Amino acid sequence: MSMKLDRTGVRARLMLGAAAVALAFAGAANAETLRWARVADALTLDPHSQNEGPTHTLNHHIYETLVGRAVDGSLTPRLATEWGISEEDDTVWVFKIREGVTFHDGSAMTAEDVVFSLDRARTPPSGMAALHAAVEEVTAVDDTTVHVRLSGPAPLYVQNLTNTFIMSKAWAEENGVETAPNFAAGEEAFSVRNTNGTGPYVMVERDPEVRTVLQVFDGHWADAPAVTEIIYTPISEAATRVAALLSGEVDVVQDVPVQDIARLEQTDGIKVVRGPENRNIFFSYDMTSDRLASSDAEDNPFAKPEVREAMALSLDRNAIRQVVMRGESQPSAAPLPPFVNGWTEELDAFGEPDYARAAELVAEAGYPNGFSVDLNCPNDRYLNDEAICQALVGMLARANIRVNLVSQTRSLHFPLIENWETDFYLLGWGVPTFDSQYVFDFLVHTREGSYGSFNGTRYSNPDLDAKIESLATMTDLDARDAVIAEIWEEVMEERIFLNVHNQMLAYAMRDGISLDVHPENQPRMTTVTFD
Amino acid sequence: MLAFILRRVLQSVIVMLTVALVAFALFRFVGDPIASMVGQEATLAERMELREALGLNDPFIVQFFTFLSRAVVGDFGISYRLQQPVMELILSRLPATLELALVSGIAAFVFGVGFGVYTALRRGGWASSSIMTVSLIGVSLPTFLIGVLLIWVFAVELQWLPSFGRGDVVDLGGWWRTGFLTESGRMSMILPAITLGLYQMTLIMRLVRAEMLEVLRADYIKFARARGLSNRAVNFGHALKNTLVPVITITGLQLGSIIAFSIITETVFQWPGVGALFINSVRFVDVPVMAAYLMLIALVFVVINLIVDLLYYLVDPRLRLDRSAAGH
C-alpha cells in the first residue's frame with residue numbers, strides 16, 4: 001500500500017508545474033493497483049485467434065463483447081444495449097449498438113466496426129468461427145443497428161457472442177490484421193501483442209508470460225472501476241503462486257490449488273471465495289463397438305445396460321468429493337452445471353453405491369468372473385483428474401471390473417477420444433452457451449460434420465439426432481425446453497455418461513478486496529471493490 | 001592447430017545433427033498440438049486441415065528435413081502457443097537464463113573454493129564439520145524442494161526477498177534486458193541463484209577439499225614448509241594453485257549444465273528464461289520452440305566443450321609436444 005502511494009506521489013511530483021496537476025491529484029486520490037496472478041498467460045491478445053479461457057479473460061479487460069456474462073450466468077448489455085430476434089424474419093438477430101463508445105486510440109466505434117469484427121470472428125483461421133458457423137451475413141442497417149442473418153431460426157445465437165470481441169476496422173486495416181492470425185503462415189501478426197479495444201483498460205505493457213500492465217481507460221463509457229491499474233503475472237508453479245499471495249506480492253490468485261484452500265482460509269489477512277465452475281467431470285465408454293480393444297471380454301461389456309448400471313452403482317461420488325477433492329466439488333449424476341438451461345434437480349440426483357448389487361449385475365450380464373478394461377485419463381487437465389480415475393479403479397474392482405489405468409498428458413489423451421482409440425475415458429466439459437444443446441451437439445449426436453466431435457461413445461441414435469438438430473431452430477422456447485428434457489431423459493436412461501461432479505472454482509485474495517467467482521472462470525477486475 | 005579445430009568443428013556439427021534427429025524422433029511421442037491450438041468447437045475436418053497445413057501429417061523424414069533446411073538459415077518457424085517467431089522468443093528469454101547462470105556459476109565457484117580450502121585446512125573443527133554436513137543437504141535435496149523451502153523462509157516468513165519473477169529490468173540496446181541494474185532485479189536474483197548453484201557449489205567444495213588434502217601431503221609442500229615459508233604462502237601460493245586445474249575444468253563443464261538444467265529453478269521461481277519457456281512449450285506440444293531450444297542447448301554444450309578442448313591444447317604443453325614430436 002505504501003509503495004503504491006509513493007509511486008503516485010512521484011508521478012504527481014513529476015507533473016508539478018504542468019497544467020494537469022489538479023487532474024493528476026484528483027486521479028491519485030483513489031488510484032488502486034491490483035496485482036493479479038494465475039497459472040497461465042493469455043496465449044495472444046488477438047481478439048479472435050484463440051477460443052481459450054485465460055486468453056478471453058485478459059482480453060475482456062481490453063476489448064468488449066456485444067453482450068456480457070454476469071456472475072450468475074445471465075446476459076448483460078455491453079456494446080449492445082438491446083438485442084432480439086427480428087419481428088419480420090425469425091432468422092435475423094437485431095442488435096442495437098451502444099452510442100458514444102470510443103476505441104483506445106480515440107476513434108469512435110460504429111456499427112461498421114461491429115460488422116467487421118463479427119465477419120473477422122467467423123472467418124477461418126479465427127478460433128471463434130465454429131460459434132458463428134450458422135451466420136450467413138452481417139449488415140449495418142444504420143449507425144447503431146446491426147443485423148445478423150443466420151441460415152435458419154437460431155433462438156440462442158446471442159449466447160454465442162459472450163466471448164466475441166469488437167475491434168476497430170480502421171486499426172485492423174492499417175496494421176494488416178483484417179483476418180485472425182494464421183498459424184501455418186509462420187509470421188507474427190501485429191494484433192498478437194498490440195491492442196485497440198473499447199474495454200475499460202488500456203494495455204500499456206506486455207511481456208508475454210512475464211507481466212502485462214493495464215491502465216484504466218479514461219474514455220470508457222461506463223462508470224470508472226475501483227481498480228485503476230492491473231498488473232497481471234502468470235505463475236505456473238502452484239506453491240510459488242500461493243507463496244506470492246502469502247508474502248503480499250500479489251493481491252488476487254485465481255487458480256488456487258485444492259490442497260491449499262483450507263490452509264489459506266485459516267491464514268490471517270487472506271480470504272478465499274468459491275463457486276461452481278462451468279465444467280463437469282465424467283467418465284464415458286465405447287457402448288457401440290462389437291468388441292473392446294483393451295478388454296479380455298469376448299464382446300463389448302459396455303454395450304450391456306446391466307454393466308452400465310453396475311458402474312453407476314459402484315461410483316461413490318461423495319467419497320471422491322471428500323477424499324480426492326477435499327470437499328471442493330459438487331457431486332452430480334448429469335454432466336451439466338446447475339446454471340445451464342435444461343438442468344433440473346432430478347437430473348443431478350444419485351443414489352448410494354451398492355457394490356453387492358453391482359457385482360451381481362456384472363455377473364448377470366454374462367461376466368461371472370468380471371472383465372478387464374483400460375481406462376484413459378489425463379493427468380494435467382482437470383483438478384485432480386488422475387486421482388479421480390484412481391478412485392474409480394478401486395470402486396469398480398468391487399464390482400468385479402478390473403480397470404487398468406492409463407493416465408497421461410492432455411496432448412496424448414484427447415487425440416484418443418478424437419480418433420476413437422479409447423474404450424473408457426475421463427472427460428471434462430464446459431457449456432459456454434449455457435444451454436443443453438451444446439452438450440448434445442458435441443457429446444451425444446452421431447459423429448458427422450460439425451456434430452459429435454467429442455462423442456467418444458460411438459453412440460448413434462437417429463431419433464435423438466433429429467431431436468438435437470431440431471433444437472437449433474426452435475423459436476418457441478417452452479416447446480424447446482420440453483424437447484431438451486426429453487433428450488436428457490433418454491441420455492440418462494441410456495447411461496451415456498458416468499458423471500462424477502461439477503468442478504468448483506476458488507479465488508484467494510488479501511482481505512479488503514471483494515471479487516466474485518465467475519462461472520466461466522473469467523473474473524472481471526472492473527467488479528472488484530475495496531473495503 | 002587448424003586441423004585440430006576443423007576436426008572438432010566437424011564433430012560438433014555431427015553432434016548437432018544427431019541431437020536434432022533424436023529430438024524430432026521424440027516429438028512424435030509428446031502428443032498432438034492441434035487439441036491445444038483449436039477450440040473445443042472445432043470440427044474434426046478443421047482439425048485435419050490445420051494438421052495438414054502445419055505439415056504434421058508428413059512422414060517423419062520429410063518433417064525433419066523441412067526443419068533442417070529452415071534451421072540452417074536461422075528460421076525456426078512460429079510458436080504454436082504464443083504465435084511469435086521462435087528465434088525472437090528464445091533470444092528475448094536468453095538474457096534472463098544467462099544472467100542467472102552467470103551469477104549462480106560465479107557464486108558456486110567463489111563459495112565452493114572458499115569453503116573447500118577452509119574445510120581442508122581446518123579439518124575436524126566444528127565450523128568445518130557443519131559446512132560439510134550442510135553441503136550434504138545441497139547434494140541430496142532435489143532442486144525443486146530447495147527452491148520451495150527458500151521461498152518459504154525468505155519470501156513468506158521473513159519477507160526479505162521476492163518469491164517469483166525477475167523484478168524490474170533495464171533494456172540495453174533493445175536486445176538484452178538486464179536485471180543487474182535495478183534493486184528489485186538484484187534482489188530477485190538471489191534465491192534462484194542459490195537454488196541453481198547449490199549443487200555446483202557443493203561439488204566444487206568437495207573437489208577442492210579432496211584435492212587440497214592430496215596436495216598438502218605432497219613432498220613439495222613439506223619442502224616449502226621446511227624452507228620456512230609462511231602458512232599463507234604455502235596454502236594459497238602453492239597448494240591451492242595446484243588444485244585449481246581440475247576445478248576450472250569441472251566449473252567450465254558445469255556452466256553448460258547450469259544453463260541446460262535451469263528448467264526446474266526457472267519454473268519454481270517463475271523466472272522468465274528459456275527453461276521455463278521450454279517447460280510451457282512441452283505442456284502445449286509447441287514443437288517449433290522445443291526443437292529450437294534443444295538445438296540451442298546442444299550448441300551451448302558443443303561450444304563449451306570446444307573451448308575446453310582448445311584451452312587444454314593451449315594450457316597443457318605436453319599435448320603440443322607430443323604432436324610435434326610425432327611429426328619428426
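**Exercise 1. Take stock of chain A: how many helices and strands are there in chain A, and how does its radius of gyration fit the globule rule?**

Step 1. Start with the secondary structure. In this predicted model, chain A holds 16 helices and 21 strands.

Step 2. Now check the overall packing. The radius of gyration of chain A is 25 Å and the globule rule gives 24 Å for 531 residues, so chain A is as compact as a globular protein of that length. Its C-alpha trace spans about 90 × 60 × 45 Å along the principal axes.

Step 3. Look at burial and contacts. In chain A, 49% of the 531 residues count as buried. Of the contacts between residues at least 6 apart in sequence, 68% join residues at least 24 apart.

Step 4. Ask how far to trust the picture. The average pLDDT of chain A is 90, and 94% of the residues score at least 70. Residues 1-29 are another matter: pLDDT stays under 50 there, and the model has ten contacts beyond four places in sequence for them. Coordinates should not be read in detail where pLDDT is low.

**Exercise 2. Work out the sheet that contains S5 of chain A: in what order do its four strands come, and which strands stand at the edges?**

Step 1. Collect the pairs. S5(A) is joined to strand S6 (residues 92-97) by five antiparallel bridges. Another five bridges, again antiparallel, join S6(A) to S8(A). S7(A) and S8(A) then pair over six bridges, also in the antiparallel sense.

Step 2. String the pairs together. The order is S5-S6-S8-S7, in an open antiparallel sheet. Strand S5 (80-85) and strand S7 (135-142) each have a single partner strand, so they stand at the edges with one side left without a neighbour in the sheet. From one strand to the next, the twist averages 20 degrees.

Step 3. Pin the register with a few residues. A:Ile85 has A:Trp93 of S6(A) as its bridge partner. Further across, A:Val92 is partnered with A:Arg149 of S8(A), and A:Glu137 stands opposite A:Arg149 too.

Step 4. Check the turn. S7(A) and S8(A) make a hairpin, with two residues between them.

**Exercise 3. Sort the residues of S8(A): which form the covered face and which the uncovered one?**

Step 1. Recall the pattern: side chains in a regular strand alternate between the two faces of the sheet.

Step 2. Apply it. A:Val146, A:Val148 and A:Leu150 make up the covered face of S8(A), while A:Thr145, A:His147 and A:Arg149 are on the uncovered one.

Step 3. Look for a helix over the sheet. Helix H4 (residues 111-122) lies across S6, S7 and strand S8 (145-150) of chain A, at about 170 degrees to S7(A).

**Exercise 4. Look at the backbone oddities: which peptide bond is cis, and what phi does A:Glu209 have?**

Step 1. Set the baseline: most residues other than glycine have a negative phi, and most peptide bonds are trans.

Step 2. Find the cis bond. It runs from A:Pro124 to A:Pro125, with omega near 5 degrees. A:Pro125 sits in the loop between H4 and S7 of chain A.

Step 3. Turn to phi. A:Glu209 isn't a glycine, yet its phi is positive, about 70 degrees. It lies in the loop between strand S10 (201-207) and strand S11 (211-216). A:Glu209 has 21 other C-beta atoms within 10 Å, so it is buried.

Step 4. Do likewise in chain B. B:Val285 has a positive phi of about 55 degrees and is placed in the loop between H12 and helix H13 (287-315). B:Val285 counts as buried because it has 23 C-beta neighbours inside 10 Å.

**Exercise 5. Describe the contact between the chains: how many residues does each chain bring, and which helix of chain B gives the largest share?**

Step 1. Count both sides. Chain B brings 43 residues and chain A 41.

Step 2. Find the helices involved. On the chain B side, H2, H3, H7, H11 and H12 each supply at least two residues. H7(B) gives the largest share, five residues.

Step 3. Sort by class. The side of chain B that touches chain A has 25 nonpolar, 14 polar and four charged residues.

Conventions: Residues numbered from 1 in each chain as written. Chains lettered and ligands numbered in written order. Predicted model: local features only at pLDDT ≥ 70, side-chain atom pairs only at ≥ 80, totals over all residues. Contact = placed C-beta atoms within 7 Å. Nonpolar A, V, L, I, M, F, W, Y, C, P; charged D, E, K, R; others polar. Pairing = 2+ DSSP bridges. Axes fitted to C-alpha atoms, helices over the stretch in contact; angles between N-to-C directions. Buried ≥ 20, exposed ≤ 12 C-beta atoms within 10 Å, placed from the backbone. pLDDT = per-residue confidence, 0-100. Rg over C-alpha atoms; globule rule 2.2 N^0.38 Å.
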